[in-house]
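Trainee: I would like a close look at a single part of this model, and then a view of how the rest is laid out.

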Amino acid sequence: MKKYVASIVAILLLLTAVPAFAANEVIAVNVQINDKALQFPDAQPHERNGIPMVPIRTAADNLGLDVSFDSKTRDIVLEGPGVHIAFTTGSSVANDGDARLSFDTPAITVKNRVYVPLAFFEKVLGLTTSYDTATKTASIAAMPVAPETTVEHVVSLLQEGKHQQLADRYFADNLKQIISMDELDAVWKQITATAGSYIEIIDVYQAMMDENIELTEAHLKFEKANFKLVYPTDNNGKFMDLKLMPLPIEAEKPQEVVEEEIVIGKGTAYELGGTLTLPKNVNGPVPAIVLVHGSGPNDRDETAFGFKPFRDIAYGLAKQGVAVLRYDKRTYAHANSFTPEDAKKITVKEETVDDAILAGKLLKSDKRIDSTQVYLAGHSLGGMLAPRIDAEGGDFAGLVLIAGSPRTLWEIIHDQGLDAVAAMDANHPARPATEAWLASEYAKAKSIADMSAAEAAKTTAFGIPAIYFKEMDSHSTADYAAKLTKPVLVLQGETDFQVYADKDYVRWQELFKGKTNASFKLYPNMNHFLVEYDGPGAGTTKEYLAPGLVSPKLIDDIASWILKLQK
C-alpha cells in the first residue's frame, strides 16, 4: 500500500511539473533594428519569463558596435562611435565610464553566447525599444550615428594602433584587400612624426556623390598642421576608401595685392571661374602671366595634398608687380557634365589647350594689362603643353616651363610605375602582378602610334584612354619647343620624383642647347609641388604628408625674369 501511494505521489509530482516546464519553455522572438529583421546565425533570441533576451553579438554588429568577451571573467565590452560599455554576465548593471546603468534583468550566458534583455538597448545604449507580445517581435530604433562620432572613433582606433579592429568594423571587403594594417600604421606614424599629436576635429562635411555613395570629409587638427580624413561609404555604411591628407597652409592675401573674380570662356558651353591677382596701386599697364595646371581635375589654386602652388605663385608675383590669372580647369569645373563616354574621348586640347588660349586672350583684352607682355607658366602637364598652347593661338611673350618635360606622357608614367615597384618590398605579394601589369601597359603604350584613332578610342594604357596619348603625341612637345625663338625659362626641382631632373630637365637642356632665348634653374630639395623639403620621408610620397608653400626663390626667379624682359 505504501509503495502504491508513493507511486501515486511520484506521478502527481510529474504531472505538476508539466506546467512549470511549460512556463519556462523557450519561446522564439523576432528582432528588428530600424524595421529590418535580423538574421541570427546560431544563438537565437527568445523570451524568458516574459522578457525578450537578445544575443548581444549579432545585435551589436548590426548597430555598428564591436564586442569583446572574456570567457574566463565573463566580462563583455561594447565599443563603437561614442560608445564604451562594460558589463558582466549575471549582472544587471553596466559601466559607461564612471556612470553605472541598470537594465533590470541580468545578462546571461547560454552555450558560451551572451544574451541581454531588450531593456539593455534602451537603458544602457539609449535606444528606443518596443515589444509586441502578440507577434513576439522586439523592435530597436537606432538613431543615425553623428558623423563627428564616427570620425572620432576612427581616429581613436588609429591612435591606439587598433588597425585590424578599424578594418573589421568599417572597411568594405575590397578595401580590406587594398589597405594593409602595416600601411595604416606607417601612415599614422608618419603623420604624427610630421604634424605632432592629434588634438581635435575641426569640422566634418558630408555629401552624396550619387544615390549609393556618401562622402565624408573631416578636418583634423594636429599640433603642427591640419589634415583631412576622407572616406566614401556604400549603402551598408562601409568605407570604400580611406585617405588621410594634409590640408594646405592657410595664407592671407598680401596687402600689396588685389583680387577679382573673372570668367574664362564666357558665353561658351564651358565657362570657367578664375581669379585675377593684381598689384595694388600700380599706374599703367602691368605684365601678366597665365598659370596652366598639371594632370587631373584641378581647381584654380592647383590644390593637391597640402599644397596650393598657384595661389602661392599668384600672391608672390603680384607683390612684385606681375598680374596673375589662375582658373578652374574644365575637368574640375564641369566634372559632372561629362558622361563616361565623354570622358573616354576627351584629349588635352579640350581639357587644357583651348581654355589656356582663351585665358591669354582675356588678359590681353584687359586695359590694366600690357598686352605685349602676357606670359604663360605651365606646371607639370601644363609645362609639357605650354609650347603647343603658344603655337596654336596663345602667342605669349614668353614661356615658363615648371617641372615639365619634352618626353611623352606615357614614358613618364611608366618611369613613375617603375619607381613605385622598386619601392615595394621584394617579397610583397602584389609585386609580381604589378610588374607584369606595368610591362603589359608599357607595351600597349609603345604601340599607340600604330593604332588608328578608332582603335585608340577602344584601348587604354595605364588606365587612361589611348586616344588621350595618341592625340598628345601627334602634337610633339619637343617639335614645338625646338621652333621657339621667344624667351623660355625652364625650372625644375632636383628631388622631384614625378618629373625627373636627370631625365626630363636634361632633355630640355639638350633641346635648347646653344639657344640664347632659354634660361634654366635647378632647385635643390624642391619637390614636384615646388616646395623645398628635406624632412622625414624626403624623396618619397611620404613627404607629401607635410604641407608647404612654394619656394620664394622660384617665385622671385620668375618675377625677375619677367621684369628684366620689360627693360
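Is Thr73 buried, partly exposed or exposed?

Mentor: This is a predicted model. Thr73 counts as partly exposed, because its relative accessibility is 40% and the band for that class runs from 20% to 50%. The residue is found in the loop between E6 and E7. Thr89 lies 16 residues away from Thr73 along the chain, and their C-alpha atoms are separated by 9.0 Å.

Arg74 belongs to this loop too, which joins strand E6 (66-70) to strand E7 (75-80). Arg74 has a relative accessible area of 30% and so is also partly exposed. Its backbone deserves a look: phi is positive, about 65°, although Arg74 is not a glycine. Most residues other than glycine have a negative phi. Lys111 is another case, with a positive phi near 50° in a residue other than glycine. Lys111 sits in the loop between strand E11 (108-110) and strand E12 (113-117). With a relative accessible area of 79%, Lys111 is exposed.

The two strands that flank the loop of Thr73 also serve as cover for a helix. Helix H5 (residues 163-170) is mostly covered, with six of its eight residues buried. The buried residues are His163, Gln165, Leu166, Ala167, Arg169 and Tyr170. The elements that cover them include E6 and E7, along with helix H4 (147-159), helix H6 (173-178) and helix H7 (181-195). Helix H16 (residues 466-473) is likewise mostly covered, and six of its eight residues are buried. In H16 the buried residues are Ala466, Ile467, Tyr468, Phe469, Glu471 and Met472.

Ser102 is in strand E10 (residues 99-102). A relative accessible area of 41% makes Ser102 partly exposed. Leaving aside neighbours within four places in sequence, Ser102 is in contact with Ser92, Val93 and Lys123. From Ser102 to Phe512 the C-alpha distance is 81 Å, with their positions 410 residues apart along the chain.

Phe512 leads to the nonpolar interior. The largest nonpolar core has 54 residues, and Ile389 and Phe512 have the most contacts inside it. Helix H11 (residues 348-364) gives the most to this core, namely six residues. A second, separate core of 30 residues includes Val67, Phe87, Phe120 and Ala142. As for Ile389, the residues it touches, not counting those up to four places away in sequence, are Val292, Thr352, Val353, Ala356, Ile357, Leu376, Gly394 and Phe396.

Trp437 offers another point of reference, in helix H14 (residues 431-446). Trp437 is partly exposed, with a relative accessible area of 43%. Apart from neighbours within four places in sequence, Trp437 is in contact with Phe462 and Gly463. Gly80 is 357 residues from Trp437 in sequence, and the two are 40 Å apart in space, C-alpha to C-alpha.

The overall layout can now be set beside these details. The protein chain has 19 helices and 28 strands. Its C-alpha atoms fill a box of roughly 135 × 55 × 45 Å, taken along the principal axes. The radius of gyration is 33 Å, whereas a compact globule of 567 residues would have one near 24 Å. Of these 567 residues, 46% count as buried. Among contacts with a separation of 6 or more, 59% are between residues 24 or more positions apart.

The surface comes last. The protein chain exposes about 27,900 Å², and carbon and sulfur atoms supply 53% of that area. The chain carries 56 positive and 75 negative charges, and the mean positions of the two sets are 1 Å apart.

To return to the request, Thr73 is partly exposed, and so is Arg74 in the E6 to E7 loop. The strands on either side of that loop, E6 and E7, are among the elements that cover the buried residues of H5.

How values were computed
Residues numbered from 1 in each chain as written. Predicted model: local features only at pLDDT ≥ 70, side-chain atom pairs only at ≥ 80, totals over all residues. Heavy atoms only, no water. Core = buried A, V, L, I, M, F, W, Y, C linked by side-chain atoms within 4.5 Å. Buried < 20%, exposed > 50% of the residue type's maximum accessible area, 1.4 Å probe, protein only. Helix = DSSP H or I, 4+ residues; strand = E, 2+ residues; numbered from the N terminus. Contact = heavy atoms within 4.5 Å. Rg over C-alpha atoms; globule rule 2.2 N^0.38 Å. Areas by Shrake-Rupley, 256 points an atom, 1.4 Å probe, with all protein chains shown as cover. Lys, Arg positive; Asp, Glu negative; His and termini not counted. Charge placed at Lys NZ, Arg CZ, Asp CG, Glu CD.
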